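Me: Please take a close look at the ligand site in this model, and set it beside the other pocket and the backbone details that are worth a note.

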Amino acid sequence: MGERVVLVTGSTSGIGEATALAFARGGDHVVFNSVHSVEAGHERASSTPGSLYVQGDISRSEDCERIIAKTLEHFGRLDVLVNNAATTKKIDHHDLESANLDVWREIFEVNVFGTWNLSVKAMDALRATKGVIINVSSVAGSHSGGSSIPYSASKAALNQMTALLAKAMGPEVRVNAVAPGLISTPWTQSWQRTHDFVSATAPLRRSGTPEDVAEVIVALATASYVTGQVLTVDGGLML
Ligand SMILES: NC(=O)c1ccc[n+]([C@@H]2O[C@H](COP(=O)([O-])OP(=O)(O)OC[C@H]3O[C@@H](n4cnc5c(N)ncnc54)[C@H](OP(=O)(O)O)[C@@H]3O)[C@@H](O)[C@H]2O)c1
């Protein structure tokens, strides 16, 4: 497509990084973002022509404001917001005590409240460009499983937020989501048994790569008659 301004939250590693690089390869301007990996963020931006890095934690309202303000200050517009940043805690679903309210709050602060807040703060700019939001959800949002019950519930909330925002923001802004299955990123690096299970059972016989998900996000950004949808990217694992 080319020449759009694309903000990808959590884009110093994994799915976010692959997504930002995929948009950049297509000629779009990209805004990288992360919380802690500041050096990696600057490095990605300096090796990607026409891009910018903005540090910021999406669970902090002032950071959301700053991320959007810096994007607009630098590029003067925003066309695509990819809400990829998220957090989790790995807790066995039977271990109810460990999934305490502090854990629920910590996960929802980023995955749900942070995503909502950044989307709202970006909305005027997106309306102006007839822009697009793409949320990175998970198959855990609609099937049993996932790294913990609070994490899966946060992705279920994100799916419903996707549908309702799409309804409220049309026709100006389209809102969609991708729901990845198991993807090889630093997040799942130590989950060898799960990777083995997926390679043995998924119809496509492998875990996904960040690029597999990025490809679908880039396609959704240009799919002009699709809104309110959650598109599964799991190699058929949930069939
Ligand atoms: N990997 C999978 O199998 C899988 C499956 C389904 C869904 N997903 C979803 O895919 C997305 C990306 O996952 P991933 O596996 O690619 O993760 P990852 O490799 O661990 O990368 C996470 C990125 O998010 C950033 N981040 C974390 N908290 C943030 C916050 N509060 N504000 C801004 N940035 C933040 C991290 O930056 P810092 O390093 O600076 O903290 C990092 O750049 C998440 O939404 C996750 O739920 C992943």
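Reply: What follows goes through the ligand and its surroundings, then the pockets, and then two backbone details.

The model is a predicted one, and the ligand in it is surrounded by 31 residues, of which the closest are Ser13, His36, Ser37, Tyr151 and Thr185. Sorted by class, that shell consists of 13 nonpolar, 16 polar and 2 charged residues.

Three polar contacts can be described atom by atom. On the side-chain side, a polar atom of Thr12 lies 2.8 Å from an oxygen atom of the ligand. From the backbone, a polar atom of Ile15 is 2.8 Å from an oxygen atom of the ligand, while a polar backbone atom of Ile58 is 3.1 Å from a nitrogen atom of the ligand. The ligand taken alone exposes 910 Å², and the protein buries 89% of that area.

As for where the ligand sits, the space it takes is the largest pocket. The elements that contribute two or more residues to the shell around the ligand are helix 1, spanning 14-25, strand 2, spanning 29-34, and helix 5, spanning 149-169.

The largest pocket itself holds about 1,300 Å³ of space, and its lining comprises 46 residues, with Thr88, Tyr151, Trp187, Thr188 and Trp191 lying nearest its centre. Two or more residues of this lining come from each of helix 1, strand 2, helix 5 and helix 6, the last of these covering 192-201. Tyr151 thus appears both among the residues closest to the ligand and among those nearest the centre of the largest pocket. The lining of the largest pocket divides by class into 20 nonpolar, 23 polar and 3 charged residues.

The second largest pocket has a volume of about 210 Å³. It is lined by 14 residues, and the closest to its centre are Lys130, Gly131, Val132, Arg174 and Ala221. By class, its lining has 5 nonpolar, 4 polar and 5 charged residues.

Lys130, one of the residues closest to the centre of the second largest pocket, is also of interest for its backbone. Most residues other than glycine have a negative phi, and most peptide bonds are trans. Lys130, however, has a positive phi of about 50 degrees although it is not a glycine, and its place is in the loop between helix 4, covering 101-129, and strand 5, covering 132-136.

The other backbone detail concerns the peptide bond from Gly170 to Pro171, which is cis, with omega near 0 degrees. Pro171 lies in the loop that runs between helix 5 and strand 6, the latter spanning 174-180. Helix 5, on one side of that loop, is also one of the elements that give two or more residues to the shell around the ligand.

Terms used. Residues are numbered from 1 along each chain as its sequence is written. This is a predicted model: local features need pLDDT of at least 70, side-chain atom pairs count only at pLDDT 80 or more; totals for chains, interfaces and linings use all residues. Side-chain values use heavy atoms; hydrogens and water are left out. A residue is near a molecule or strand if one of its heavy atoms lies within 4 Å of it. A polar contact is a pair of N or O atoms within 3.5 Å; within protein, one must be able to donate a hydrogen and the other to accept it, and residues adjacent in sequence count only if both atoms are side-chain atoms. Accessible areas come from the Shrake-Rupley method with a 1.4 Å probe; for residues, only the protein chains shown count as cover. On a 1 Å grid over the protein atoms alone, a cavity is a set of points where a 1.4 Å probe fits but cannot get out, and a pocket is an open set with protein on both sides within 12 Å along at least five of seven lines; lining residues have an atom within 4 Å of a point. A molecule sits in a cavity or pocket if more than half of its atoms lie within 2 Å of its grid points. Helices (H or I, at least four residues) and strands (E, at least two) are DSSP runs, numbered from the N terminus. Ala, Val, Leu, Ile, Met, Phe, Trp, Tyr, Cys and Pro count as nonpolar, Asp, Glu, Lys and Arg as charged, and the others, Gly among them, as polar. Grid points are joined across faces, edges and corners, and a volume is the space filled by probe spheres set on the points.
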